Amino acid sequence: MSNLDALETKINYKFSDRNLLITALTHVSMLGKVHNMDRKSTNQRLEYLGDAILYLVIGELLFIKRPDYDEGNLTKARSNIVNNHSLSEMAKKLDLGRHIEMDSSTEKHMGRRNEAILADTFEALMGAIFLDAGYEKTHEFINKLFIKRIEEAATGEAKADYKTRLQECVHACGITNYYIKYHTISEKGDQHCKTFRIGAYLNNTKLSEGVGKSKKEAQQNAARLFFENMKNDDKRIDKKLKSIAKEAAHEA
């Protein structure tokens, strides 16, 4: 069984036009590495298409399941599902990372674990399935993959694990020597009604602070506020974390 056969078995979908799958798995770093390759041969255009399809399908499913949600709530629920972290987790579930064609430099810098690359490849895969089989089949494929997340969003049961996401962002940046640590800044209230203020730190640099009625809640809020302060912008997050790690390495 070839690698592509194994992947098709894993995702439970067989392409009629396997070239679409090959393109979906070709990272832009391969430009210049393969003779006569141009940008149309990388997954960037399929990524664009897949992103639009995911927004449409997830938006439609939420619209149907939550008739009580207004535009703002629907948009927030969709954003909790269609984001780099969520899509990269789906990519890991499908084991896409080991099938991506990328240059040696990108691979060396943990490209197969990079959250943005995994999310982009997942979007490209959705675009490829759409071109190969049409909207109905793609809708069915996405619904099966995301049904649990959609149900959670529809019932309000989803609980984002911002601590795990933040640590994964650190690893995705290629930072292996430092970990996110949480330190209590203050405790207020009596034994049965305490409020904790906790800081999230990378090395000795404070990223953010969070408040909660338990240490776990305060830690999650600290991690969440870091992402909010960064406007959930992956490039800003990456730049910030790498800058802190670089300063720490220089001080050492």
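This tour moves through a predicted model, selection by selection.

**The two domains**

Begin by colouring residues 4-155 as domain 1 and residues 162-251 as domain 2, the two parts into which the protein chain is divided. The C-alpha centres of domain 1 and domain 2 are 28 Å apart. Eight residues from domain 1 and eight residues from domain 2 make up the contact. Between them, the two domains bury about 700 Å², with 48% of this area on carbon and sulfur atoms.

Next, show His 85, Met 110 and Glu 115 as sticks. Within domain 1, these residues lose the most area to domain 2, and together they account for 56% of what that side buries. A search for salt bridges between domain 1 and domain 2 gives a count of zero, whereas two residue pairs are found in polar contact across this interface. On the side of domain 1 that touches domain 2, helix H5 (residues 84-93) supplies the largest share, namely four residues. By type, the residues of that side comprise one nonpolar, three polar and four charged.

**Helix H5**

Select residues 84-93 to isolate helix H5. Seven of its ten residues are buried, so H5 is largely enclosed by the rest of the structure. The buried residues are Asn 84, His 85, Ser 86, Leu 87, Ser 88, Met 90 and Ala 91. His 85 thus appears both in this buried group and among the residues of domain 1 that lose the most area to domain 2.

Which residue caps the N-terminal end of H5? Select Asn 83: a side-chain oxygen of this residue lies 3.1 Å from the backbone nitrogen of His 85. Then move to Asp 95, just after H5, where phi is positive at about 60°.

**Tyr 179**

Proceed to domain 2 and centre the view on Tyr 179, in the loop between helix H9 (162-172) and strand S1 (180-188). Its relative accessibility is 46%, so Tyr 179 counts as partly exposed. Beyond its neighbours within four places in sequence, Tyr 179 is in contact with Gln 167, His 171, Tyr 201, Leu 202 and Asn 203. For orientation, draw a C-alpha to C-alpha distance from Tyr 179 to Gly 97: the two are 23 Å apart in space and 82 residues apart in sequence.

**Salt bridges**

The whole structure contains 14 salt bridges. Start with Arg 18 and Asp 5, whose side chains meet at 2.6 Å, N to O. This pair links distant parts of the chain, with Arg 18 in helix H2 (residues 18-24) and Asp 5 in helix H1 (residues 3-11), 13 residues apart. Arg 18 is partly exposed, with a relative accessible area of 26%, and Asp 5 is also partly exposed, at 26%. Add Glu 8 and Lys 14 to the selection to display a network of salt bridges linking Asp 5, Glu 8, Lys 14 and Arg 18.

Turn next to Arg 112 and Glu 107, which form a salt bridge with the closest N and O atoms 2.9 Å apart. Both are partly exposed: Arg 112 has a relative accessible area of 25%, and Glu 107 one of 38%.

Finish at Asp 238 and Lys 242, where a salt bridge joins the side chains at 3.2 Å, N to O. How many residues apart are Asp 238 and Lys 242 in helix H11 (residues 234-251)? They are four residues apart and therefore separated by about one helical turn. An α-helix has 3.6 residues a turn, so residues three or four places apart point the same way. Asp 238 is partly exposed at 24% relative accessibility, and Lys 242 is partly exposed at 40%.

Definitions and conventions. Residues numbered from 1 in each chain as written. Predicted model: local features only at pLDDT ≥ 70, side-chain atom pairs only at ≥ 80, totals over all residues. Heavy atoms only, no water. Domains from an automatic or database assignment. Contact = heavy atoms within 4.5 Å. Buried area = accessible area lost by both parts, 1.4 Å probe. Salt bridge = Lys/Arg side-chain N within 4 Å of Asp/Glu carboxyl O. Polar contact = N/O pair within 3.5 Å; in protein donor to acceptor, adjacent residues only side chain to side chain. Helix = DSSP H or I, 4+ residues; strand = E, 2+ residues; numbered from the N terminus. Nonpolar A, V, L, I, M, F, W, Y, C, P; charged D, E, K, R; others polar. Buried < 20%, exposed > 50% of the residue type's maximum accessible area, 1.4 Å probe, protein only.
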